[in-house]
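Biologist: Could you take me on a close look at the place where the first ligand sits, and then at what lies around it? I would enjoy a connected account, taken step by step.

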Amino acid sequence: MVKAVVAGAAGGIGQPLSLLLKTCPLITELALYDVVNSLGVAADLSHISTPAKVTGYLPPDDGGKKAMKDADIIVIPAGIPRKPGMTRDDLFNINAGIVKGLIEIIAEVAPKAYILIISNPVNSTVPIAAEVLKAKGVFNAQRLFGVTTLDIVRAETFIAEVSGNKSVQSINIPVIGGHSGETIVPLFSQAKPSFSVDDEKLAALVNRVQFGGDEVVKAKDGAGSATLSMAYAGFRFAEKVLKAMNGEKGIVEPSFVYLQGVPGGEEIYKATGCEFFSVPIELGTNGAEKALNPLTNLTDKEQTLLKACTEALGGHIKKGVTFANSAPPQK
Ligand SMILES: NC(=O)c1ccc[n+]([C@@H]2O[C@H](COP(=O)([O-])OP(=O)(O)OC[C@H]3O[C@@H](n4cnc5c(N)ncnc54)[C@H](O)[C@@H]3O)[C@@H](O)[C@H]2O)c1
Ligand SMILES: O=C(O)C[C@H](O)C(=O)O
C-alpha cells in the first residue's frame, strides 16, 4: 500500500502531475491537496480506471493534515510561478511561507514521508524544509529531495537536437548544482553517448539549459512557467523514487539534497562548500542511498561554471535557512 500526495494539486503543474501519478500502478491511494479546486480535480481523476483511489482535500477542517496523514510520498508544486522579468528568487516572499507551512504539517502527520519539492526557488525552499524538519526532530536527509529533473530533461532534449541523436531517451547527462540560472551546471563532458560540438555551440547549449525556464516563461507571456514538462519531470523523478522504494536496484537520478546527510555526500560538500547540491543520487529502499561524486574530471569550462554556481548557491541556501529559523509558524 503506497499513499502519494500532491500539495498544490489544482495548479498548472499539480493537475497533469496528479494525472500521471493516477496512472502509476505502484500507488494505491492518491490524495490531492490545494487551497482551491482540489475536490474538482479529484472527482475528475477518480473516474479513471486505474487502481489508485483518489481523494481531494481543501484547508477547512484540517484538510491539509487529513490529506497528508501517513503519506509515503508527498510531491509539492504549491506556490506562485514566475512572470516575464521575474527571477525565481522573486517568488521567495510568497513561496517560502507556503512551503514552510506544508512542511510543518508533514512533520506532524507524515514524518517518514519522502518529500519532493518542486516549488521555487528550489535552492531556498529545500533548505527551508530541512530546517523545519530539523526543528521538529524528524529530519531525514535521505527522504528530502529538491526536484531538478526538468534541467536533466531539457539537457537530454537539447543534446538530441544539436547532435542529431534520434534516440533521445538513450541520452544520459548529469546536471548538477542548483535550480536557477548560473547555479545549473550541465556536465556535457559526461554525457552518454558522448557527442562533440564546437565551443560556440557548446556555450549556447549550456546557456539554454541554464535559462530554459525563461524560454517558457517568455513564451507563456504572463500565463506562468513550465507546467507540462515539469509534470513529466516530476512524475519521472517520483516514479524512480517509488520503484526504488519497491526494491528495484540501480536507479540513479540527480536531485538537490542535503549532502552531509546522504552517504557519499560529505566529500562533495567539502569540494563545493554547499550544504545542499544536486548530484546524481542512487535511490534505494532508504531513499537517497548514495551521492555519486560527479566532480572528478571536469573540463576547465565546467570548473568555471561550477565556481559561478557555488558562489551564488551559498547565498540562496543561507536565505532559506535564515527564513526558516526566523519566521513564525505558518497558519
Ligand atoms: N522545480 C522545477 O523545476 C519547477 C518547474 C516549474 C515550476 N516550478 C515551480 O512550481 C510552482 C508551481 O507552479 P505552477 O505553474 O503549478 O503554479 P500554479 O499557480 O498554476 O499552481 C500552484 C498551485 O498551488 C496552490 N497553492 C498555493 N498555496 C498553497 C498551499 N498553502 N497549499 C496547497 N496548495 C497551495 C495554488 O492554489 C495553485 O493551485 C512555482 O513555484 C513554480 O516556480 C518549479
Ligand atoms: O522557470 C521557472 O520559473 C520554472 C522552472 O523553475 C523552470 O525551470 O521551468
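Modeller: Happily! In this predicted model, ligand 1 is surrounded by 34 residues, and the closest of them are Gly8, Gly11, Gly12, Ile13 and Asn120. By class, that shell consists of 19 nonpolar, 13 polar and two charged residues. Helix α4, residues 92–109, is the element that gives the most to the shell around ligand 1, with four residues. Both domain 1 (3–147) and domain 2 (149–317) give residues to this shell, so ligand 1 lies between them.

Asn120 deserves a second glance. Besides being among the closest residues to ligand 1, Asn120 also belongs to the surroundings of ligand 2. The peptide bond that runs from Asn120 to Pro121 is cis, and its omega is near -5 degrees. Pro121 itself sits in the loop between β5 and α5.

Asn120 leads us on to ligand 2. Around ligand 2 we find Arg82, Arg88, Asn120, Leu150, Gly213, Val216, Val217, Ser225 and Ala226. Sorted by class, these are four nonpolar, three polar and two charged residues. Helix α8, residues 212–220, supplies the largest share of this shell, with three residues. Why does ligand 2 lie between domain 1 and domain 2? Each of the two domains gives residues to the shell around ligand 2, so that is where the ligand lies.

Now for the domains themselves. The chain is divided into domain 1, residues 3–147, and domain 2, residues 149–317. Their C-alpha centres are 22 Å apart. Across the boundary, 33 residues of domain 1 are in contact with 39 residues of domain 2. On the side of domain 1 that touches domain 2, the elements giving two or more residues are α1 (14–22), β4 (73–76), β5 (114–117), α5 (122–135) and β6 (144–146). Of these, α5 gives the most, with six residues. The class count for that side of domain 1 is 24 nonpolar, five polar and four charged residues.

You may like to set this beside the database record. An unreviewed UniProt entry lists residues 3–146 as "domain: Lactate/malate dehydrogenase N-terminal". In the model, that span is 38% helix and 18% strand, with its end C-alpha atoms 20 Å apart. The unreviewed UniProt annotation "domain: Lactate/malate dehydrogenase C-terminal" covers residues 148–323. Here the chain is 49% helix and 16% strand, and the end C-alpha atoms lie 22 Å apart.

Within domain 2, helix α9 is a good place to check the geometry. At 1.5 Å a residue, the 18 residues of α9 (228–245) should span 26 Å, and the 25 Å between its end C-alpha atoms agrees with that. Buried residues of α9 are Met230, Ala231, Ala233, Gly234, Phe235, Phe237, Ala238, Val241, Leu242 and Ala244. A general point helps in reading such a list: an α-helix has 3.6 residues a turn, so residues three or four places apart point the same way. What covers the buried residues of α9? The cover includes α1, β4 and β5, together with α6 (149–163), β9 (251–258) and β10 (276–284). Three of those names may sound familiar: α1, β4 and β5 are among the elements on the side of domain 1 that touches domain 2. After α9 comes Gly247, which has a positive phi, near 105 degrees.

A few backbone details round off the tour. Another cis peptide bond joins Lys192 to Pro193, with omega near -5 degrees. Pro193 lies in the loop between β8 (184–186) and α7 (199–210).

Asp61 is not a glycine, yet its phi is positive, about 55 degrees. Its place is the loop between β3 (53–57) and α3 (63–68). Is Asp61 buried or exposed? Asp61 has 9 other C-beta atoms within 10 Å, so it is exposed. Asp70, again a residue other than glycine, has a positive phi near 60 degrees. Asp70 is found in the loop between α3 and β4. With 12 other C-beta atoms within 10 Å, Asp70 is exposed, because the cut-off for exposed is 12 or fewer.

Methods. Residues numbered from 1 in each chain as written. Chains lettered and ligands numbered in written order. Predicted model: local features only at pLDDT ≥ 70, side-chain atom pairs only at ≥ 80, totals over all residues. Near = placed C-beta within 6 Å. Nonpolar A, V, L, I, M, F, W, Y, C, P; charged D, E, K, R; others polar. Domains from an automatic or database assignment. Contact = placed C-beta atoms within 7 Å. UniProt positions renumbered as here; feature names shortened; annotations may be inferred. Expected span 1.5 Å × (residues − 1). Buried ≥ 20, exposed ≤ 12 C-beta atoms within 10 Å, placed from the backbone.
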